[in-house]
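Reader: I would like a close look at one part of this model, taken slowly and with the supporting detail kept together. Please start from the structure itself.

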Number of protein chains: 2
Amino acid sequence: MLRGDITAAIRNAVMNELAEVGYGRLSIEAVARRAGVGKTAVYRRWSNKLEMVLEIVSGVAERSVPMPDTGSFASDLQLLMFVVSKALQHRIASQIIPDLMAEAARNPQIAETLQRALRTHQLTVGEQIVGQAVKRGELPAGADPELAVDLMVGPLYWRLAVSRTPIGDDYVETLAAAVMAALRGSPPAH
Amino acid sequence: MLRGDITAAIRNAVMNELAEVGYGRLSIEAVARRAGVGKTAVYRRWSNKLEMVLEIVSGVAERSVPMPDTGSFASDLQLLMFVVSKALQHRIASQIIPDLMAEAARNPQIAETLQRALRTHQLTVGEQIVGQAVKRGELPAGADPELAVDLMVGPLYWRLAVSRTPIGDDYVETLAAAVMAALRGSPPAH
DNA sequence: CGACGACGTGACGGTTGCGTTTCGACGTTC
DNA sequence: GAACGTCGAAACGCAACCGTCACGTCGTCG
């Protein structure tokens with residue numbers, strides 16, 4: 001019964017408003033104003049700010065990281081890091097993600113949602129490609145998927161979402177090579 | 001003329017308030033309330049929220065990362081990462097830093113302050129220890145200090161401040177070894 | 001055609017914070 | 001002991017936003 005175009009306008013307004021002012025200062029009034037709709041239309045769909053943001057953001061976030069299976073660990077790694085780097089260079093995403101991450105540190109509901117939408121999936125992907133790599137003999141048997149994820153995502157996140165220094169054309173490639181070396185050369189965990 | 005104990009109480013209140021509600025929702029009223037102080041006392045010292053937060057935070061942040069010179073790159077690296085990991089596991093810091101980082105993405109003044117207080121110093125340290133390592137022959141000649149910093153700080157930041165998964169006793173050690181391998185094994189930049 | 005429901009508008013009372021001002025109390029300084 | 005400046009408390013007018021409600025419009029379904 002709710003009109004789809006209006007819902008879409010609100011979703012869009014929420015994302016932009018989140019990017020501009022952040023979760024802490026996001027107000028329903030501003031969202032409605034920006035979407036060109038009445039507050040009523042918003043409250044008819046979600047009962048408060050938290051619920052609204054969580055539903056909208058997790059909807060967007062879930063279609064994110066792919067599960068690569070290119071046949072070699074090196075290219076799995078490169079593909080994965082390339083996708084992540086693209087995502088983190090998206091204007092809106094690079095504003096919203098750090099903001100929600102910070103907010104998650106003090107709001108368990110946000111934390112749980114992001115956990116489910118991002119981190120869990122990442123870890124699954126990490127286990128998958130590391131597992132395959134070990135099977136193929138490309139990595140030593142004790143290779144730790146959790147460490148692998150930290151090494152893959154950490155530098156990209158730091159550089160693109162936190163430090164925000166622009167990267168060169170071959171930065172991702174260089175970084176992927178470095179991660180490769182780290183995982184191959186590091187002793188098995190424990 | 002301003003009473004020092006009151007200034008200290010306000011500084012303390014700002015840090016705690018920042019950790020609890022974040023910059024976006026931080027209000028001067030709440031700071032004064034928490035410090036047990038009149039709003040007048042706050043406005044007598046700083047003229048608005050931004051100025052107050054910047055002055056206080058950068059004061060705290062500047063005495064942060066040391067310049068290690070242990071004689072070997074491996075132990076420089078380990079020391080540095082240990083210090084960073086300790087800092088990022090501090091309850092207050094691990095709440096405030098991601099919050100301000102996110103805020104920096106939309107407020108140039110915050111960005112510039114953090115840049116000066118953290119990133120620039122980090123890069124200097126990075127250049128220093130990588131430079132020494134190259135001189136000693138521990139790293140190939142083309143080793144890139146910027147990449148090194150991303151590899152050192154990124155995973156720690158991601159794991160401790162973003163993902164917030166607890167780390168084991170030897171995690172930092174393992175990570176340092178991985179970074180070591182990455183820097184030694186990676187091709188020279190360009 | 002008539003009922004229904006979602007729509008935008010605008011207003012509601014209540015809360016919170018802004019930055020400023022006034023007040024009386026207290027402690028220094030001279 | 002008088003003058004000064006900081007202190008906390010409280011109030012100021014103003015603005016934003018909360019969540020709700022009443023209204024009139026419009027499109028759709030039956």
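Which helices each supply at least two residues of the surface near DNA strand C? Please describe that surface with care, and then place it beside the other strand and the protein parts around it.

Author: This is a predicted model, and the description below should be read with that in mind. The surface near DNA strand C draws at least two residues from each of three helices, namely helix 3 of chain A and, from chain B, helix 2 (28-35) and helix 3. There are 18 residues around DNA strand C, and those that come nearest are A:R44, A:R45, B:I28, B:K39 and B:Y43. When the residues of this surface are sorted by class, they divide into 7 nonpolar, 5 polar and 6 charged. On the side of the nucleic acid, 67% of the atoms of DNA strand C within 4 Å of the protein belong to sugar or phosphate, and the rest belong to bases.

Three individual contacts give this surface some detail. A:R45 places a polar side-chain atom 2.5 Å from a phosphate oxygen of DNA strand C, and B:Y43 likewise has a polar side-chain atom 2.7 Å from a phosphate oxygen of that strand. A:T40, by contrast, addresses a base, with an N or O atom of its side chain 3.3 Å from a base oxygen of DNA strand C.

DNA strand D can be described in the same terms. It has 19 residues around it, of which A:I28, A:K39, A:Y43, B:R44 and B:R45 come nearest, and sugar and phosphate make up 68% of the atoms of DNA strand D that come within 4 Å of the protein. The side chain of A:Y43 has an N or O atom 2.5 Å from a phosphate oxygen of DNA strand D, while B:R3 approaches a phosphate oxygen of this strand through a polar backbone atom, at 3.4 Å. B:T40 is directed to a base, for a polar atom of its side chain lies 3.2 Å from a base nitrogen of DNA strand D. The elements giving two or more residues to this surface are helix 2 (28-35) and helix 3 (39-43) of chain A, together with helix 3 (39-45) of chain B. Of these, helix 3 of chain B provides the largest share, with 5 residues. By class, the surface near DNA strand D has 7 nonpolar, 5 polar and 7 charged residues.

Residues of both chains are named around each strand, and the contact between the two chains therefore deserves its own account, given that the size of an interface is often expressed as the accessible area lost when the parts come together. Chain B and chain A bury about 3,600 Å² between them, with 60% of that area on carbon and sulfur atoms. Within the area that chain B buries against chain A, B:R25, B:R106 and B:W158 supply 19%, more than any other three residues. In terms of contacts, 45 residues of chain B meet 45 residues of chain A.

Across this interface there are 8 salt bridges, including one between the side chains of B:R159 and A:E146, at 3.3 Å from N to O, and the count of residue pairs in polar contact is 16. On the side of chain B that touches chain A, helix 1 (4-25), helix 6 (91-104), helix 7 (108-136), helix 8 (145-163) and helix 9 (171-185) each supply at least two residues, and helix 8 gives the most, with 12 residues. That side has 22 nonpolar, 11 polar and 12 charged residues.

Chain A itself is divided into domain 1 (4-52) and domain 2 (64-185), whose centres, taken over C-alpha atoms, are separated by 30 Å. The contact between these domains takes 8 residues from domain 1 and 10 residues from domain 2. About 720 Å² is buried between them, and carbon and sulfur atoms give 71% of it. In domain 1 of chain A, the residues that lose the most area to domain 2 are A:A19, A:Y23 and A:L50, which together account for 61% of what that side buries. Between the two domains there are 0 salt bridges and 1 residue pair in polar contact. Helix 1 (residues 4-25) of chain A gives the most to the side of domain 1 that touches domain 2, with 7 residues, and by class that side has 5 nonpolar, 3 polar and no charged residues.

Technical notes: Residues numbered from 1 in each chain as written. Chains lettered and ligands numbered in written order. Predicted model: local features only at pLDDT ≥ 70, side-chain atom pairs only at ≥ 80, totals over all residues. Heavy atoms only, no water. Contact = heavy atoms within 4.5 Å. Buried area = accessible area lost by both parts, 1.4 Å probe. Salt bridge = Lys/Arg side-chain N within 4 Å of Asp/Glu carboxyl O. Polar contact = N/O pair within 3.5 Å; in protein donor to acceptor, adjacent residues only side chain to side chain. Helix = DSSP H or I, 4+ residues; strand = E, 2+ residues; numbered from the N terminus. Nonpolar A, V, L, I, M, F, W, Y, C, P; charged D, E, K, R; others polar. Domains from an automatic or database assignment. Near = heavy atom within 4 Å.
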